[in-house]
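Welcome! Let us take a walk through a protein model together, from its empty spaces to its strands and helices.

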Amino acid sequence: MQFDLFDARNNDILASATYAEFKERMANSNCQRCTLCAARNNIVVDRGNPQSHIMAIGEGPGENEDLQGAAFVGRAGKLLDQILAAINLDTNRDILIANVVKCRPPENRQPRPLEVASCKPFLQKQIELIKPRVILLLGATALRHMAPAKQEFSMAEEAGKFFTLEEYPGIQFMVLYHPAFLLRDPRKKIDMWRHVKTLKTYLEENDLMPKKTASGN
């Protein structure tokens, strides 16, 4: 965490003792740590279940996310829901989804390094409070900013593979294609299906697959 002697609001968010406290403070903070604040409607903290062992990190909110104040609720989010439902993961119950930035970049452009750096303490706080065992990095932008050593890479080579980061002990990271990319190039859905089957196998072998009740919920 990065405390700032001159930013009491920021420090208040980072001092949150529970995830519910963090989310409420973050969403209502009127954060102005970078220029993305200028055009946003809502700070998009997450979507899903903070009690899950699985977290997914994408690039940034889009138009629907900005309007609704929830992560991955547009076309890409609905596709992600369908893909993960195929391996019996419910994105509202079994995963916590966030982004490397919490405000929508103009015209849905990629977030800039300074914007990501400004937001990263909050993402790190989320990880600290959630304590996930698996983090799915959705797309090249999420991979590049969560693993700075990986700047020159091919998504075709990285997607579907697990790796660890010294900064986040005890967490297995897996790279997946961003669902927005699959909407642009549906041919990659075949690869994505292979990758999520690998994910399912890992979760089952490590007793991380969410348990279902008798009613299926």
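## Empty spaces

The structure holds 1 cavity of 30 Å³ or more. Please keep in mind as you explore that this is a predicted model. How does one look for empty space at all? Rolling a probe the size of a water molecule over the atoms shows where empty space is left.

The largest cavity contains about 120 Å³ of space. Its lining is made of 15 residues, and those nearest the centre are C31, C34, K102, C103 and C119. Which helix gives the most to this lining? That is helix α5, residues 113-130, with 4 residues. Sorted by kind, the lining of the largest cavity has 10 nonpolar residues, 1 polar residue and 4 charged residues.

Now turn to the largest pocket, where about 620 Å³ of space is found. Here 28 residues form the lining, and E59, A76, H178, A180 and R184 lie nearest the centre of the pocket. Several helices take part: α3 (63-68), α4 (75-85), α6 (140-146) and α8 (179-184) supply at least two lining residues each. Of these contributions, the one from α8 is the greatest, with 4 residues. The lining of the largest pocket includes 10 nonpolar, 11 polar and 7 charged residues.

## Strands side by side

The strands are a good place to go next. Here is how they pair:

| Strands | Sense | Bridges |
|---|---|---|
| β1 and β3 | antiparallel | 2 bridges |
| β2 and β3 | parallel | 4 bridges |
| β2 and β4 | parallel | 4 bridges |
| β4 and β6 | parallel | 5 bridges |
| β5 and β6 | antiparallel | 2 bridges |

Begin with β2, which covers residues 54-58. Is this strand buried or exposed? Its 5 residues out of 5 are buried, so β2 is largely enclosed by the rest of the structure. If you look at the side chains, I54, A56 and G58 point one way from β2, while M55 and I57 point the other way.

A56 is a handy residue to follow, for it can be traced into two neighbouring strands. In β3, its bridge partner is I97, and in β4, A56 stands opposite L136. Another residue of β2, G58, has N99 as its bridge partner in β3.

Strand β3 spans residues 96-99. L96 and A98 point one way from this strand, whereas I97 and N99 point the other way, and all are buried. What does L96 face in β1? Strand β1 consists of residues 47-48, and G48 stands opposite L96.

Next, move along to β4, made of residues 134-138, which pairs with β6. In this pairing, V134 of β4 stands opposite Q172 in β6. Strand β6 itself runs over residues 172-176 and is mostly covered, with 4 of its 5 residues buried. β6 also pairs with β5, which is residues 162-163. There, F163 has F173 in β6 as its bridge partner.

## A helix with two sides

Helix α9 takes in residues 189-205, which makes 17 residues. From its first C-alpha to its last, α9 reaches 24 Å, close to the 24 Å expected at 1.5 Å a residue.

Which residues of α9 are buried? They are D191, M192, H195, V196, L199, Y202 and L203. These residues cover an arc of only 130° around the axis, which puts them on the same side of α9. On the other side of this helix, I190 and E205 are exposed. Try turning the model until you can see both sides of α9.

## A proline in a loop

To finish, find P106. This residue is in the loop between β3 and α5. How covered is P106? It is partly exposed, with a relative accessible area of 44%; a residue counts as buried when that value is under 20% and as exposed when it is over 50%. You can also locate P148, which lies 42 residues from P106 along the chain. The C-alpha atoms of P106 and P148 are separated by 24 Å.

Definitions and conventions:
Residues numbered from 1 in each chain as written. Predicted model: local features only at pLDDT ≥ 70, side-chain atom pairs only at ≥ 80, totals over all residues. Heavy atoms only, no water. 1 Å grid on protein atoms, 1.4 Å probe; cavity = no way out; pocket = protein on both sides within 12 Å on 5 of 7 lines; lining within 4 Å. Points joined across faces, edges and corners; volume = space filled by probe spheres on them. Nonpolar A, V, L, I, M, F, W, Y, C, P; charged D, E, K, R; others polar. Buried < 20%, exposed > 50% of the residue type's maximum accessible area, 1.4 Å probe, protein only. Pairing = 2+ DSSP bridges. Expected span 1.5 Å × (residues − 1). Arc of directions from axis to C-beta.
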